[in-house]
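Hi,

Here is the structure I promised to pass on. Have a look at it first, and my notes on what turned up in it follow underneath.

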Amino acid sequence: MITDDEYTSIVSFFEVMDVKKKQNLVLEGEICRTMYFVVKGCLRKFFINEKGVEQTTEFAIENWWMTDTFAYERQIPTDFSIQAVEHSSILVIDFERQEELLKKHPVMERYFRMIYQRAYAASERRIRYLYEMSREELYMHFSTLYPWFIQRIPQYLIASFLNLTPEYLSEIRAKLRS
């Protein structure tokens with residue numbers, strides 16, 4: 001638990017940013033200098049595949065974090081782009097400020113470790129689901145686990161996240177309705 005004064009100090013390490021729908025925060029090839037915390041709204045991380053199609057790999061909604069962890073930790077060019085899915089309010093911290101934050105508030109080390117552990121566990125599960133489940137099962141699982149995403153995120157982005165074409169996702173949804 002942290003005090004009100006500690007909270008105020010911790011928050012002072014972050015920049016508050018208002019981003020418009022479809023605004024890019026970082027583009028593939030840029031040095032990944034920042035990490036984003038979603039206060040309100042939704043972000044997505046994606047790359048352009050060999051066919052020139054955007055492939056969404058991750059979403060972040062309220063109280064979730066997003067960055068290209070590999071590139072952020074090494075301060076190197078990212079292989080991903082990060083974009084606002086909807087008008088969003090986010091907190092932004094860069095690598096140097098985060099290091100200062102961790103020195104001043106060691107309790108945040110534990111917090112970020114827990115965030116990384118949860119993100120890693122989610123990635124492990126997603127990889128397994130992609131290998132194990134049929135595309136229909138994957139959609140059913142996703143829509144059961146995250147029904148608010150189905151209502152909130154455009155279908156073409158859900159299709160991209162599940163590695164489906166939008167047309168095939170429409171077929172799956174029609175089949176499930178009948």
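Before the pockets, one term: the helices I mention are DSSP runs of at least four residues, strands are runs of at least two, and both are numbered from the N terminus. Please also keep in mind that this is a predicted model.

**The largest pocket**

The volume of the largest pocket comes to about 1400 Å³. Its lining is made up of 39 residues, and those closest to the centre are Thr57, Glu58, Ala119, Ala122 and Ser123. Which element gives the most to this lining? That would be α4, with 13 residues. At least two residues each come from β4 (42-48), β5 (54-61), β6 (65-66), α4 and α5 (135-145). If you sort the lining by class, you get 23 nonpolar, 9 polar and 7 charged residues.

**The second largest pocket**

The second largest pocket holds about 470 Å³ of space. Of the 17 residues lining this one, Ile2, Tyr7, Ile10, Met108 and Tyr111 sit nearest its centre. Two elements, α1 (4-11) and α4, give two or more residues to that lining. Here too α4 has the largest share, with 7 residues. The class split for this lining is 14 nonpolar, 1 polar and 2 charged.

**Histidine 105**

Next, a histidine that you can find in the loop between α3 (95-104) and α4 (107-132): histidine 105. Is histidine 105 buried or exposed? Its relative accessible area is 8%, so histidine 105 counts as buried, the cut-off for that being under 20%. Setting aside residues up to four places away in sequence, histidine 105 touches Glu6, Ser9, Ile10 and Phe13. With serine 9 there is also a polar contact between the side chains, at 2.8 Å. One of those neighbours, Ile10, came up above as a residue near the centre of the second largest pocket.

**The sheet around β3**

There is an open sheet of 4 strands, running in the order β1-β8-β3-β6 with antiparallel pairing. β1 (15-19) and β6 are the edge strands, as each of them pairs on one side only. Strand β3 (residues 34-40) has 5 of its 7 residues buried, so the rest of the structure largely encloses this strand. With strand β8 (residues 88-94), β3 pairs over 6 bridges in the antiparallel sense; in that pairing, lysine 40 has serine 89 of β8 as its bridge partner. β3 also pairs with β6, again antiparallel, over 2 bridges, and there tyrosine 36 is matched with methionine 66.

**Histidine 87**

The other histidine to look at is histidine 87, in the loop between β7 (81-84) and β8. Its relative accessibility is 46%, so histidine 87 counts as partly exposed. Apart from neighbours within four places in sequence, histidine 87 is in contact with Asp18, Val19, Lys20, Lys21, Lys40 and Gly41. What does its side chain make a polar contact with? The partner is the side chain of aspartate 18, at 3.1 Å. As for glycine 41, its C-alpha atom is 5.9 Å from that of histidine 87, although the two are 46 residues apart along the chain.

That's what I have for now.

Cheers

Key: Residues are numbered from 1 along each chain as its sequence is written. This is a predicted model: local features need pLDDT of at least 70, side-chain atom pairs count only at pLDDT 80 or more; totals for chains, interfaces and linings use all residues. Side-chain values use heavy atoms; hydrogens and water are left out. Buried means under 20% relative accessible area, exposed over 50%, partly exposed in between (1.4 Å probe, protein chains only). A polar contact is a pair of N or O atoms within 3.5 Å; within protein, one must be able to donate a hydrogen and the other to accept it, and residues adjacent in sequence count only if both atoms are side-chain atoms. Contact means heavy atoms within 4.5 Å. On a 1 Å grid over the protein atoms alone, a cavity is a set of points where a 1.4 Å probe fits but cannot get out, and a pocket is an open set with protein on both sides within 12 Å along at least five of seven lines; lining residues have an atom within 4 Å of a point. Grid points are joined across faces, edges and corners, and a volume is the space filled by probe spheres set on the points. Ala, Val, Leu, Ile, Met, Phe, Trp, Tyr, Cys and Pro count as nonpolar, Asp, Glu, Lys and Arg as charged, and the others, Gly among them, as polar. Two strands pair if DSSP finds at least two bridges between them.
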